[in-house]
Amino acid sequence: MQEEFKGKNQLDVEQLTKEKYKYGFTTDVETDIIEKGLNEDVIRIISAKNEEPDWLLDFRLKAYRHWLTLEVPTWAHLRIPAIDYQGLSYYADPRAKKDGPTSLDEVDPELLKTFNKLGIPLEEQMALSGIAVDAVMDSVSVKTTFKDTLLEKGIIFCSFSDAVKDHPDLVRKYMGSVVGYRDNFYATLNSAVFSDGSFVYIPKGVRCPMELSTYFRINAINTGQFERTLIVAEDDSYVSYLEGCTAPSRDENQLHAAIVEIIVNKNAEVKYSTVQNWYPGDENGKGGVYNFVTKRGLCKGDNSKLSWTQVETGSAITWKYPSCILRGDDSQAEFYSVAVTNNYQQADTGTKMIHLGKNTKSTIISKGISAGRSENSYRGLVKVSANADGARNYSQCDSLLMGDKCGAHTFPYMDIHNDTAVVEHEATTSKISEDQLFYCNQRGISTEEAVGLIVNGYAKEVINKLPMEFAVEAQKLLSISLEGSVG
Amino acid sequence: MLKIKDLHATINGKEILKGINLEVKPGEIHAIMGPNGSGKSTLSNVLVGHPAYVVTKGSVSFKEKDLFAFSPEDRSKEGIFLSFQYPVEIPGVSMVNFMRSAINEHRKYNGLEPLSASAFLKLMREKRSIVDLDVKLANRSVNEGFSGGEKKRNEIFQMAMLQPTLSILDETDSGLDIDALRVVAEGVNKLKSPTNSTIVITHYQRLLDYIKPDVVHVLYNGRIVKTAGPELALELEERGYDWIKAELGE
């Protein structure tokens with residue numbers, strides 16, 4: 001599984017050969033890295049490099065000062081080695097020149113080669129599938145495609161840093177309105193040092209004609225990835241957004257503390273899909289990405305709708321609860337999740353559905369798959385406030401255990417303050433039996449393939465919610481991530 | 001095409017097969033009968049390579065090749081099929097996906113291209129009719145919610161799809177009423193050819209009224225103690241197994 005690679009970082013080739021993680025490589029592109037450590041000066045440098053207005057620098061500084069007062073949270077069902085926040089670098093700009101490229105021809109060919117290795121040849125994507133790609137490379141957006149086509153409809157899809165420059169009023173209005181800078185330790189950190197991300201704005205009445213997509217990866221050693229995504233859907237609009245990530249082999253852990261904020265106005269709908277494949281660490285639990293993400297949507301307007309669909313197979317530690325605040329009357333939220341943990345991976349993930357408006361509805365389908373010596377926890381909150389008449393929730397949390405050395409845990413919370421609420425919760429725990437595997441063997445299906453069939457059958461309900469392009473990748477990902485888990 | 005020589009096998013350290021000798025030629029149907037605990041299921045599981053059973057002595061050649069050199073899935077691809085006594089359910093995996101994986105694995109092994117979706121569905125329709133398997137069942141998850149009879153019919157349906165050289169029917173008649181039995185037996189008979197063979201493992205003569213064996217063996221205490229023509233089955237039906245035990249001096 002050796003890809004050709006060049007890297008000025010020390011990578012253990014032998015280790016790479018043993019691993020099945022096929023994205024194990026780095027790019028020899030000049031990275032302009034700020035020295036390690038975090039203090040107000042570093043934040044000012046980040047802000048200056050991005051040419052940010054004062055109000056944004058203030059936002060960062062407020063967050064940073066608040067962060068200094070906080071303690072690392074320890075309530076999750078996770079074992080997290082202490083992170084040396086002063087040992088990380090908070091910025092990496094891979095562009096050789098100061099001004100970014102404006103067309104594919106101007107993009108560093110090394111970078112294009114990187115994208116091709118990742119299996120996302122930009123040219124092909126542009127020509128065939130019509131997906132606009134906003135590639136975030138190590139904290140800075142390199143290019144955005146189809147910007148012009150979308151602009152005709154008034155749709156804005158650009159990097160966060162570009163949005164700050166070109167649409168400052170919009171950014172200022174919405175940024176921090178769903179995830180405030182005080183929300184939690186990692187969100188506060190992100191608010192201080194966020195690198196870049198995506199900005200999406202769908203104007204009133206517009207249906208975005210294509211799936212919007214983002215690919216990004218962490219490259220340089222010890223660089224945290226702190227991106228921010230902000231999606232605003234005005235009244236009567238629609239957008240489907242895909243987020244897919246890969247990251248190369250690493251020895252040191254990489255912190256990924258992102259924020260995603262989504263605002264859905266009256267009668268609008270946003271679909272947010274994620275296929276996450278960050279490096280999970282090796283079979284001994286060494287290395288891997290820490291994925292501590294705060295994702296939240298606000299169903300602001302009446303009859304607004306938000307759905308989160310995620311397939312999480314990577315990261316050494318996953319800690320995220322894509323959530324929704326159902327403020328508008330008749331608003332709806334859905335959360336579909338498949339979370340796979342293998343070897344020594346850990347996951348504590350789920351969702352929070354906060355019912356505030358009248359006749360709101362939420363659906364939670366969570367499928368956990370544990371293998372190896374991993375720990376996989378679902379943690380969910382269904383909260384119905386006193387004024388939230390007619391709230392409805394359906395939750396289904398299933399766990400599939402493969403082997404007897406892994407763990408699956410469920411922590412469902414229900415906080416109900418209105419007695420017209422109907423809240424249903426179902427949970428199952430199952431395992432793949434040897435008899436099932438042998439039955440497949442006897443029909444000529446290898447154990448690996450049988451596991452793939454069974455796991456995909458189990459996760460079908462969630463995979464079906466993904467846009468087609470992702471669904472195929474997700475199915476393959478499920479099988480690959482469980483390779484070697486049975487036998 | 002199958003030659004079993006002095007086969008000994010254990011499970012959990014206990015020896016169940018104590019020296020089986022058996023030869024099956026192309027086109028033949030062999031019935032293996034015997035009381036509970038005689039080793040009938042052990043024999044079928046050993047032949048298909050179930051990991052719980054350990055072969056301690058002896059050899060099996062299938063189509064002139066050493067059977068034990070092949071993994072269970074490769075034995076399947078070589079052409080051995082087992083109709084399980086208790087077919088397991090696999091929720092979430094559709095019959096269609098399951099069969100298509102199996103068929104394409106077999107085809108790949110034999111150097112053939114995988115079947116196109118339409119060719120595959122056509123094949124399914126064709127073979128379903130052999131055992132009268134309802135289209136609704138074919139669209140469900142493997143064996144999920146199937147009745148006992150439906151599960152057995154599903155086994156024969158899969159057999160029809162995979163077209164094995166050697167089929168082993170492990171107590172296929174257990175749990176079936178007369179009608180289901182007849183449908184299953186008819187299915188097996190339709191698949192019979194001069195180049196394939198069947199080993200029918202059963203307690204009762206009943207199934208053998210429909211699937212007429214060429215040879216009948218009695219398996220007792222891990223050994224084949226008697227081999228004769230189909231009339232042996234009738235004699236067992238009438239007299240039970242005691243007279244065999246007596247013959248052996250027990």
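These notes go through a predicted model of two chains, A and B.

1. **Chain A overall.** Chain A has 12 helices and 23 strands. Of its 487 residues, 54% are buried. Contacts reach far along the sequence: among those with a separation of 6 or more, 82% join residues 24 or more positions apart.

2. **Chain B overall.** Chain B contains 10 helices and 12 strands. Its 250 residues are 43% buried. Here residues 24 or more positions apart supply 70% of the contacts with a separation of 6 or more.

3. **Dimensions of chain B.** The C-alpha trace spans about 60 × 40 × 35 Å along its principal axes. The radius of gyration of chain B is 18 Å. A compact globule of 250 residues would have a value near 18 Å, so the two agree.

4. **The interface.** On the chain A side, 16 residues are in contact with chain B, and on the chain B side 22 residues take part. Two helices of chain A, α10 (434–442) and α11 (447–463), each supply at least two residues of the side that touches chain B. By class, that side of chain A has six nonpolar, six polar and four charged residues.

5. **S47(A).** This residue sits in helix α2 of chain A, which covers residues 40–49. Is S47(A) buried or partly exposed? With 19 other C-beta atoms within 10 Å, S47(A) is partly exposed, because a buried residue needs 20 or more. Leaving out residues up to four places away in sequence, S47(A) touches E52(A), L56(A), L57(A) and R60(A). N441(A) is 394 residues away along the chain, and its C-alpha atom is 58 Å from that of S47(A).

6. **Helix α1 of chain B.** This helix takes in residues 40–48. Eight of its nine residues are buried, so the helix is largely enclosed by the rest of the structure. The buried residues are K40(B), T42(B), L43(B), S44(B), N45(B), V46(B), L47(B) and V48(B). G49(B) follows α1(B) and has a positive phi, near 85 degrees.

7. **A helix pair in chain B.** Two packed helices are described by the angle between their axes and the distance between the axes. For α6 (residues 148–162) and α7 (residues 178–191) of chain B, the angle is about 5 degrees and the axes are 10 Å apart. That makes α6(B) roughly parallel to α7(B). From α6(B), the contact uses G149(B), K152(B), R153(B), I156(B), M159(B) and A160(B). From α7(B) come A180(B), V183(B), V184(B), G187(B), V188(B) and L191(B). The residues of this contact divide into eight nonpolar, two polar and two charged.

8. **The six-stranded sheet of chain B.** Which order do the strands take in this open sheet? The order is β6-β9-β10-β3-β11-β12, and the pairing is mixed. β6 (80–83) and β12 (223–228) of chain B are the edge strands, each pairing on one side only. From one strand to the next, the twist averages 20 degrees.

9. **A parallel pair in that sheet.** Strands β3 (residues 29–33) and β10 (residues 197–201) of chain B pair in the parallel sense. Four bridges make up the pairing. Opposite I32(B) stands I201(B) in β10(B).

10. **The four-stranded sheet of chain B.** A further open sheet has the order β2-β1-β4-β5, with antiparallel pairing. Its edge strands are β2 (14–24) and β5 (65–66) of chain B, and each pairs on one side only. β4 (residues 53–62) of chain B and β5(B) run antiparallel and are joined by two bridges. F62(B) has K65(B), in β5(B), as its bridge partner.

11. **L22(B).** Strand β2 of chain B holds L22(B). Where S47(A) is partly exposed, L22(B) is buried. Its count is 20 other C-beta atoms within 10 Å, which is just enough because the cut-off for buried is 20 or more. Not counting residues up to four places away in sequence, L22(B) touches I4(B), H217(B) and I224(B). I224(B) falls within the residue range of edge strand β12 (223–228) of chain B. The C-alpha atoms of L22(B) and S83(B), 61 residues apart along the chain, are separated by 20 Å.

How values were computed
Residues are numbered from 1 along each chain as its sequence is written. Chains are lettered from A and ligands numbered from 1 in the order in which they are written. This is a predicted model: local features need pLDDT of at least 70, side-chain atom pairs count only at pLDDT 80 or more; totals for chains, interfaces and linings use all residues. Two residues are in contact if their C-beta atoms, placed from the backbone, lie within 7 Å. Ala, Val, Leu, Ile, Met, Phe, Trp, Tyr, Cys and Pro count as nonpolar, Asp, Glu, Lys and Arg as charged, and the others, Gly among them, as polar. The radius of gyration is taken over C-alpha atoms; the globule rule is 2.2 Å times the number of residues to the power 0.38. A residue is buried if 20 or more other C-beta atoms lie within 10 Å of its own, exposed if 12 or fewer, and partly exposed in between; C-beta atoms are placed from the backbone. Axes are lines fitted to C-alpha atoms, for helices over the stretch in contact, and angles run from 0 to 180 degrees between N-to-C directions. Angles under 35 degrees count as roughly parallel, over 145 as roughly antiparallel, 65 to 115 as roughly perpendicular and the rest as oblique. Two strands pair if DSSP finds at least two bridges between them.
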